[in-house]
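Student: Got a fold here I'd like to walk through with you. Can we take it piece by piece, with the cut-offs spelled out as we go?

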Amino acid sequence: MRSAMVAVLLALSLGFCLPAPAADKAFTIDQFGGVRLDVPEGWTAEVQGEDAPGGRAIRLKAPASMPIGILLTPTAVPHQMAGLPRKGMDSVLQGLRKIAVESEVTAREMSCRGGRLLVASATDRTVEKPSLEDFKYVDQGWAAVGPMWVFFTVLSNYPEGPERTKALETVRSLAFVPPGAPWRREGGTVAFQMPGKRWRLALDLPGWEIGATTPLRQPGVRLEARIPSGWLLTAFLEKTEPGMTAVQLPEEAWKTMQATAPAQRVDVRRSERGPMAVLRHRVPTGEGKHIDMENVNAYLVRDDVWVDVHLSKSRYTAADEPVIDAILRSIRFEDGP
């Protein structure tokens, strides 16, 4: 098994000591969160950086040099792409079939602690003398846990047996964990970042249920939050045209809104709060029903990044105004890596 990812594993000299109890450990990757899994006792598990061979990933290292190892690469995906990455699994199968002893290599779908996974197994016919530097057997595939896909590879010199079974069980212990500090903090503060920028957008959302931070299909990031009183908050960071100002954004957004989501809109108001432009309107009916949905969009621009914080609530009344004011006052930029 001689791919770039395999080369990373070969350098690790990984192994299992069995039997051993497992410890549940969490690994925050970035603002999109991370994963948790059961790490066998005596093992070390760490997140390697983007500059390491194989890129940003979690590697597991055993205390003894035995011929088996695991590499896990979590990737956040847009919410529209939820579910198992079957096209990615097709690519795995194509790669394995090129080196497999077996005449047929197929994917098996299995459950894991946080979702589902697809895995395929093969015997590498190019490996004539298995060693700690050249592995004969591979179990490889994709897991879908929460808003993340995890690409995993298990390499070993065990054709079957408890060691290989335990390795796959470790992969099946995968579950999603939300991001920690500085992205989520005590008191309800949440922050997120446009990749490549040295600043974050922060909001104070005490009492809100904070959903996943997910990337957009185009360059950008999306955050969603809800509160029991019925408010939905959706915040976006997206690339905008150079020179675009926050005051120009509401007009562009209004044109797009009218074209892509036609509806009756009343009580349209535009205002400014310092550098922030605010667009408000109400949708009185939806699907033939009286909904009285208030919509508030707050716009900011920084470094050619468009900030759009959208608040919406059905059955709006004047008593809901303090929620709007509190959110708008809390929107801010935080500098830092």
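Tutor: Sure. Helices (H or I, at least four residues) and strands (E, at least two) are DSSP runs, numbered from the N terminus. This is a predicted model, where local features need pLDDT of at least 70, side-chain atom pairs count only at pLDDT 80 or more, and totals for chains, interfaces and linings use all residues. Residues are numbered from 1 along each chain as its sequence is written, and side-chain values use heavy atoms, with hydrogens and water left out.

Student: How many helices and strands does the chain have?

Tutor: Counting those DSSP runs along the chain gives two totals. They come to five helices and 20 strands.

Student: What share of the residues is buried?

Tutor: Buried means under 20% relative accessible area, exposed over 50%, and partly exposed in between (1.4 Å probe, protein chains only). The C-alpha atoms fill a box of roughly 75 × 40 × 40 Å along the principal axes. Of the 337 residues in the chain, the buried share is 50%.

Student: And how much of the accessible surface belongs to carbon and sulfur atoms?

Tutor: Areas here come from the Shrake-Rupley method with a 1.4 Å probe, and for residues only the protein chains shown count as cover. The chain's accessible surface is about 15,900 Å². The part belonging to carbon and sulfur is 52%.

Student: How far apart are the centres of the positive and negative side chains?

Tutor: Lys and Arg count as positive, Asp and Glu as negative, with His and the chain ends not counted. Each charge is placed at NZ of Lys, CZ of Arg, CG of Asp or CD of Glu. There are 41 positive and 40 negative side chains, and their centres are separated by 1 Å.

Student: On to the seven-stranded sheet: which strands stand at its edges?

Tutor: Two strands pair if DSSP finds at least two bridges between them. This open sheet pairs antiparallel in the order β3-β4-β5-β9-β8-β7-β6. Each edge strand has a single partner, so one side of it is left without a neighbour in the sheet: these are β3 (44–48) and β6 (108–112).

Student: By how much are its neighbouring strands turned against each other on average?

Tutor: Axes are lines fitted to C-alpha atoms (for helices, over the stretch in contact), and angles run from 0 to 180 degrees between N-to-C directions. For the average turn between neighbours in this sheet, direction is ignored, giving 20°.

Student: Which residue of β5 is the bridge partner of I58?

Tutor: β4 (residues 57–61) and β5 (residues 68–76) pair antiparallel over three bridges, forming a hairpin with six residues between them. On the β3 side, where five bridges join β3 to β4, I58 stands opposite V47. In β5, L60 faces I70, while the partner of I58 is L72.

Student: Which helix lies across this region?

Tutor: Contact means heavy atoms within 4.5 Å. The helix covers residues 162–172 and lies across β4, β5, β6, β7, β8 and β9. Running at about 15° to β5, this is α3.

Student: Is V150 buried or exposed?

Tutor: V150 sits in strand β9. Beyond neighbours within four places in sequence, its contacts include L72, W142 and L174. With a relative accessible area of 0%, V150 is buried.

Student: What is the strand order in the three-stranded sheet?

Tutor: It is open too, with antiparallel pairing, and β1 (22–30) and β10 (175–177) each pair on one side only. Eight bridges join β1 to β2 (residues 33–40), with A26 partnered by R36. The order is β1-β2-β10.

Student: Any backbone oddities? Which peptide bond is cis?

Tutor: Most residues other than glycine have a negative phi, and most peptide bonds are trans. P182 is in the loop between β10 and β11 (189–192). With omega near 5°, the cis bond runs from A181 to P182.

Student: And what is the phi of D267?

Tutor: D267 lies in strand β16 (residues 266–273) and, at 37% relative accessibility, counts as partly exposed. D292, in β18 (residues 289–302), has a positive phi of about 45° without being a glycine. For D267, also not a glycine, phi is positive and near 50°.
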